[in-house]
Amino acid sequence: RGCVMSYGRVAALAGNARAARGVGYALSHVDGEGLPCHRVVFADGSLARDAVFGGEGVQRRLLEAEGVPFLPDGRVDMEKCAL
């Protein structure tokens with residue numbers, strides 16, 4: 001809780017640092033139940049497209065509820081909470 005990871009970091013931990021798109025594809029095909037996929041963001045702290053989490057702002061609301069800090073431009077503050 002309160003931490004995020006980029007798609008590229010997840011890919012690297014899975015053994016293929018160049019498979020960030022594959023991570024995104026895989027996460028887009030899970031129901032999210034029990035899997036904290038809302039904590040995976042783009043490397044620059046940008047959030048997923050609106051449709052991914054069921055509508056506009058859902059991912060942000062989930063992250064804010066966990067205490068994840070955001071920059072004024074709407075991106076996650078990766079320096080403060082990235083693993």
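**Contacts, pockets and rings in a predicted model**

Leaving aside neighbours within four places in sequence, Ser6 is in contact with Val40, Val41, Phe42, Ala43 and Met78. Ser6 itself sits in strand E1, residues 5-6. The model is a predicted one, and in it Ser6 has a relative accessible area of 15%, so Ser6 counts as buried.

One of the contacts of Ser6 is Phe42, and Phe42 leads on to the aromatic residues. A search of the whole structure finds one aromatic pair. That pair consists of Tyr7 and Phe42, in a tilted arrangement with 5.2 Å from centre to centre and 50° between the planes. The two partners are 35 residues apart and link distant parts of the chain: Tyr7 belongs to helix H1, while Phe42 belongs to the loop between E2 and helix H3 (58-65). Tyr7 is buried, because its relative accessible area is 13% and the limit for buried is under 20%. Phe42, at 30% relative accessibility, counts as partly exposed.

Tyr7 and Phe42 appear again in the largest pocket. This pocket holds about 330 Å³ of space. It is lined by 19 residues, and the closest to its centre are Tyr7, Gly24, Phe42, Ala48 and Val52. Helices H1 (7-13) and H2 each supply at least two residues of this lining. The greatest share comes from H2, which gives four residues. By class, the lining of the largest pocket comprises eleven nonpolar, five polar and three charged residues.

The second largest pocket has a volume of about 160 Å³. Its lining draws on Arg1, Cys3, Val4, Met5, Val10, Leu27, Leu35, Pro36, Cys37, Arg39, Val40 and Leu83. Ten of these lining residues are nonpolar, two are charged and no polar residue is present. Val40, one of the lining residues of this pocket, is also among the contacts of Ser6.

Arg1, which helps to line the second largest pocket, lies in the segment before E1. With 68% relative accessibility, Arg1 is exposed, since exposed means over 50%. Beyond its neighbours within four places in sequence, Arg1 is in contact with Arg39, Ala65 and Glu66. Arg39 is also listed in the lining of the second largest pocket. The C-alpha atoms of Arg1 and Gly67 are 8.0 Å apart in space, although the two residues are 66 residues apart in sequence.

Another link from the start of the chain runs between Gly2 and Pro69. Their C-alpha atoms are separated by 8.5 Å, with their positions 67 residues apart along the chain. Pro69 lies in the loop between H3 and H4 and is partly exposed, at 25% relative accessibility. Not counting residues up to four places away in sequence, Pro69 touches Val76, Asp77, Lys80 and Cys81.

The loop between H3 and helix H4 (78-81) also holds Asp77. In contrast to the partly exposed Pro69, Asp77 is buried, with 11% relative accessibility. Apart from its neighbours within four places in sequence, Asp77 is in contact with Pro69, Phe70 and Leu71. Phe70 has a further partner, as Arg60 lies over the face of its ring at 4.0 Å from the ring centre.

The loop between H2 and E2 remains. His38 is placed there, between helix H2 (20-27) and strand E2 (40-41). Is His38 buried or exposed? His38 is buried, because its relative accessible area is 11% and buried means under 20%. With residues up to four places away in sequence left out, the contacts of His38 are Phe53, Gln59, Leu62, Leu63 and Glu66. Glu66 is also in contact with Arg1. From His38 to Val52, 14 residues apart along the chain, the C-alpha separation is 9.3 Å. Val52 is one of the residues closest to the centre of the largest pocket.

Asp31 is found in the loop between H2 and E2 as well. Whereas His38 is buried, Asp31 is exposed, with a relative accessible area of 69%. The C-alpha atoms of Asp31 and Phe53 lie 9.5 Å apart in space, and the two residues are 22 residues apart in sequence. Phe53 is also among the residues touched by His38.

Methods: Residues numbered from 1 in each chain as written. Predicted model: local features only at pLDDT ≥ 70, side-chain atom pairs only at ≥ 80, totals over all residues. Heavy atoms only, no water. Buried < 20%, exposed > 50% of the residue type's maximum accessible area, 1.4 Å probe, protein only. Contact = heavy atoms within 4.5 Å. 1 Å grid on protein atoms, 1.4 Å probe; cavity = no way out; pocket = protein on both sides within 12 Å on 5 of 7 lines; lining within 4 Å. Points joined across faces, edges and corners; volume = space filled by probe spheres on them. Nonpolar A, V, L, I, M, F, W, Y, C, P; charged D, E, K, R; others polar. Phe/Tyr/Trp six-rings, centres within 6.5 Å; stacked < 30°, edge-to-face > 60°. Lys NZ or Arg CZ within 6 Å of the ring centre and 35° of its normal.
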